[in-house]
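Let's take a walk through a protein together, one stop at a time. Keep the sequence and the 3D view side by side as you read.

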Amino acid sequence: MPVLDIDAIRDILPHRYPFLLVDRIEELEPERIVGIKNVTANEPFFPGHFPEFPVMPGVLIVEAMAQVAGVLVLKQIEDRKSKLVLLAGVDGAKFRRPVRPGDQLRIEMKVLRQKATMVKVAGTATVDGVTVAEAEMLCVLADRQ
C-alpha cells in the first residue's frame with residue numbers, strides 16, 4: 001500500500017496533468033522519501049522525443065525527482081497550501097541509461113541540509129534496481145503569493 005496515493009499527492013503539490021510526474025509515495029520519513037513514476041507509452045512527450053525510439057527526457061526525470069523532494073519538504077509544513085517548493089539549482093546530474101515506455105521509476109530523495117527556507121537534497125532514480133539518474137538539488141521554500 002502506498003503511503004500517499006495520487007489524491008494525497010495532488011493535495012500537497014500544485015502540479016497537474018501533464019506536469020504531475022509522481023504517481024505514489026511508497027516510503028516517507030522525516031529526511032527520506034521514495035516515490036514512484038510509472039512511465040507509459042501514453043506520456044505526452046513521447047510523440048516528439050525520438051518517436052522511433054521513445055526516451056523520457058532527462059530534464060523530466062530531474063523534474064520528477066524534484067517533485068518527490070517537494071512532497072518531502074511540503075509534507076512537514078503545517079500551512080503547506082500557502083507555500084511552494086521551487087527548484088533553485090541542480091548539481092552533478094548524471095543520466096546512466098534511457099528510460100523507456102513501460103519502465104517504472106523508483107525515486108529516492110534524502111535531505112542533505114536544511115536551513116529555514118533552503119533545502120539541499122540528493123537522490124537517485126532507478127528502474128528495476130538499476131540507477132538511471134542521480135542528482136543533488138537545491139530547493140527554496142517560497143510563499144505562493
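The paragraphs below go from the strands to the core, then to some single residues that deserve a look. Before we start, keep in mind that this is a predicted model.

Let's begin with strand 6, which covers residues 130-143. It has a partner in strand 3, residues 83-95, and the two run antiparallel, joined by 10 bridges. If you want a spot to check this pairing, find D91: it stands opposite E136 in strand 6. Strand 6 also pairs with strand 5, residues 118-127, again in the antiparallel sense and over 10 bridges. Here the spot to check is G123, which stands opposite A135 in strand 6. While you're looking at strands, here's a handy rule: in a regular strand, side chains alternate between the two faces of the sheet.

Now follow the chain from strand 5 into strand 6. The two form a hairpin, with 2 residues between them. One residue to pick out in the turn is D128, whose phi is positive, at about 55°. D128 isn't a glycine, yet it has that positive value. Is D128 buried or exposed? Its relative accessibility is 73%, and the cut-off for exposed is over 50%, so D128 counts as exposed.

Next, let's head for the core. A general tendency helps here: in soluble globular proteins, nonpolar side chains tend to be buried together. In this model, the largest nonpolar core has 41 residues, and M56, M65, L105 and M109 touch the most other members. Helix 1 (6-12), helix 2 (58-75), strand 4 (104-115), strand 5 and strand 6 each supply at least two residues of this core. Which element gives the largest share? That's helix 2, with 12 residues.

Zoom in on M65 to see how such a residue is surrounded. Leaving out residues up to four places away in sequence, M65 touches I107, M109, G123, T124, A125, A133, E134, A135 and M137. You've already met two of these, G123 and A135, as the pair standing opposite each other.

Charged residues can be buried too, and E108 in strand 4 is a good example. Its relative accessible area is 18%, under the 20% cut-off, so E108 is buried. What does its side chain meet there? It makes a polar contact of 2.8 Å with the side chain of R32. Residues in contact with E108, apart from its neighbours within four places in sequence, are R32, I33, V34, A122, G123 and T124.

K120, in strand 5, tells a similar story. With a relative accessible area of 17%, K120 is buried. Which side chain does K120 join in a polar contact of 3.3 Å? The partner is E136, the residue that stands across from D91. D91 also turns up among the residues K120 touches, along with others including K110, V111 and L138.

Time for some rings. A search of the whole structure finds 1 aromatic pair. It's made by F45 and F46: their ring centres are 4.7 Å apart and their planes meet at 65°, so the pair is edge-to-face. Both partners are tucked away: F45 counts as buried at 14% relative accessibility, and F46 counts as buried at 4%. Another ring, F53, has a different kind of companion: R100 lies over its face, at 3.8 Å from the ring centre.

Two loops hold backbone features you might otherwise scroll past. In the loop between helix 1 and strand 1 (24-29) you'll find P18. A cis peptide bond joins Y17 to P18, with omega at about 5°. Then, in the loop between strand 2 (32-38) and helix 2, look for F50. F50 isn't a glycine, but its phi is positive, at about 60°.

Our last stop is E29 in strand 1. Is E29 buried, exposed or partly exposed? Its relative accessible area is 39%, so E29 is partly exposed. Not counting residues up to four places away in sequence, E29 touches L72 and Q76. If you'd like to get a feel for the scale of the model, measure from E29 to F95: they're 66 residues apart in sequence and 26 Å apart in space, C-alpha to C-alpha.

Terms used
Residues numbered from 1 in each chain as written. Predicted model: local features only at pLDDT ≥ 70, side-chain atom pairs only at ≥ 80, totals over all residues. Heavy atoms only, no water. Pairing = 2+ DSSP bridges. Helix = DSSP H or I, 4+ residues; strand = E, 2+ residues; numbered from the N terminus. Phe/Tyr/Trp six-rings, centres within 6.5 Å; stacked < 30°, edge-to-face > 60°. Buried < 20%, exposed > 50% of the residue type's maximum accessible area, 1.4 Å probe, protein only. Lys NZ or Arg CZ within 6 Å of the ring centre and 35° of its normal. Core = buried A, V, L, I, M, F, W, Y, C linked by side-chain atoms within 4.5 Å. Contact = heavy atoms within 4.5 Å. Polar contact = N/O pair within 3.5 Å; in protein donor to acceptor, adjacent residues only side chain to side chain.
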